[in-house]
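Student: I would like to learn how to read the features of a structure one at a time. Where do we begin?

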Amino acid sequence: MLNLTIFIITAVMVFLDQLTKYLVINSMNLTESVPVIPNVFHITYVRNYGAAFGILAHRTGLFVIITVAVVLLIIGFLRKLPAEYRLMRVALALQLAGAIGNLIDRLRFGFVIDFFDFRVWPVFNVADIAIVVGIGLLLFDLIRTSREEGI
């Protein structure tokens, strides 16, 4: 049952990521920005040719190789992780979904579509949110577990 839950979390997040990107690229022009809360939050269509914050731009092949390796590692780890590690499994499912969502963009377009724009942070997308929340949950679970075990 837990593997089904992990699959559903991953599939739903990849679907949401790709749906939102589809809506952006089919309803906006590149670099167009629509204020949701003026000067605070905008929907801004940009292309990210790099990794986080645009670093190492135009290294698509490298990012594809690294992402495929990460996806395979996460899947392998999920297969071996005992069912009682529920929060860690959810965290990894979110990270997996984020990696897959951005990998799809890199394979389709050669770049990642970003659009959430808070003006004080680089523009990002649903896949990025999944990765960050997954990392946060993973850290929380590791800290909680180490405290419970007295480590």
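**Reading the chain**

Tutor: Begin with burial. Buried residues make up 38% of the 151 residues in the chain. Keep in mind that this is a predicted model.

Student: How many helices and strands are there, and what pattern do they follow along the sequence?

Tutor: The chain has 4 helices and 3 strands. Read along the sequence, the pattern is α-β-β-α-α-β-α. The C-alpha trace spans about 50 × 35 × 30 Å along its principal axes.

Student: What share of the contacts joins residues 24 or more positions apart?

Tutor: Counting contacts in the chain with a separation of 6 or more, 62% are between residues 24 or more positions apart.

Student: What does the chain expose, and which atoms supply it?

Tutor: About 9100 Å² is exposed, and carbon and sulfur atoms supply 70% of that area. As for charge, the mean positions of the 12 positive and 10 negative charges are 6 Å apart.

Student: Now a single helix. What span should α2 have?

Tutor: The idea is to compare an expected span with the model. Helix α2 covers residues 60-80, and at 1.5 Å a residue its 21 residues should span 30 Å; the end C-alpha atoms are 30 Å apart, which agrees.

Student: Which residues of α2 are buried?

Tutor: They are T60, F63, V64, T67, V71, I74 and L78. Seen down the axis of α2, these buried residues fall within an arc of 100°, so they line one face of the helix. The general idea is that an α-helix has 3.6 residues a turn, so residues three or four places apart point the same way.

Student: Which exposed residues does the face turned away from the buried side of α2 carry?

Tutor: That face carries I65, L72, L73, R79 and K80, which are exposed.

Student: What about the span of α3?

Tutor: The same test applies. Helix α3 runs over residues 86-109; its 24 residues should span 34 Å at 1.5 Å a residue, and its end C-alpha atoms are 35 Å apart, which agrees. Just after α3, G110 takes a positive phi of about 90°.

Student: How should I read the sign of phi?

Tutor: Most residues other than glycine have a negative phi. In this model, N39 has a positive phi, near 65°, and is not a glycine. R119 is also a residue other than glycine, with a positive phi of about 70°.

Student: Where do N39 and R119 lie?

Tutor: N39 is in the loop between β1 (33-37) and β2 (41-48). R119 is in the loop between β3 (112-117) and α4 (126-148). Although 80 residues apart in sequence, N39 and R119 are 6.9 Å apart in space, C-alpha to C-alpha.

Student: Why does N39 count as exposed, and R119 as partly exposed?

Tutor: The cut-off for exposed is over 50% relative accessible area, and below 20% a residue is buried. N39 has 68% relative accessibility, so N39 counts as exposed. R119 has a relative accessible area of 42%, so R119 is partly exposed.

Student: Finally, is D17 buried or exposed?

Tutor: D17 is buried, with a relative accessible area of 0%. Its place is in helix α1, residues 2-27.

Student: Which residues is D17 in contact with, leaving aside its neighbours within four places in sequence?

Tutor: D17 is in contact with G101, N102, N125, V126 and A127. A distance can be read as well: the C-alpha atoms of D17 and A97 are separated by 8.7 Å, while the two residues are 80 apart along the chain.

How values were computed:
Residues are numbered from 1 along each chain as its sequence is written. This is a predicted model: local features need pLDDT of at least 70, side-chain atom pairs count only at pLDDT 80 or more; totals for chains, interfaces and linings use all residues. Side-chain values use heavy atoms; hydrogens and water are left out. Helices (H or I, at least four residues) and strands (E, at least two) are DSSP runs, numbered from the N terminus. Buried means under 20% relative accessible area, exposed over 50%, partly exposed in between (1.4 Å probe, protein chains only). Contact means heavy atoms within 4.5 Å. Accessible areas come from the Shrake-Rupley method with a 1.4 Å probe; for residues, only the protein chains shown count as cover. Lys and Arg count as positive and Asp and Glu as negative; His and the chain ends are not counted. The place of a charge is taken as NZ of Lys, CZ of Arg, CG of Asp or CD of Glu. The expected span of a helix is 1.5 Å times one less than its number of residues. The arc is that of the directions from the helix axis to the C-beta atoms.
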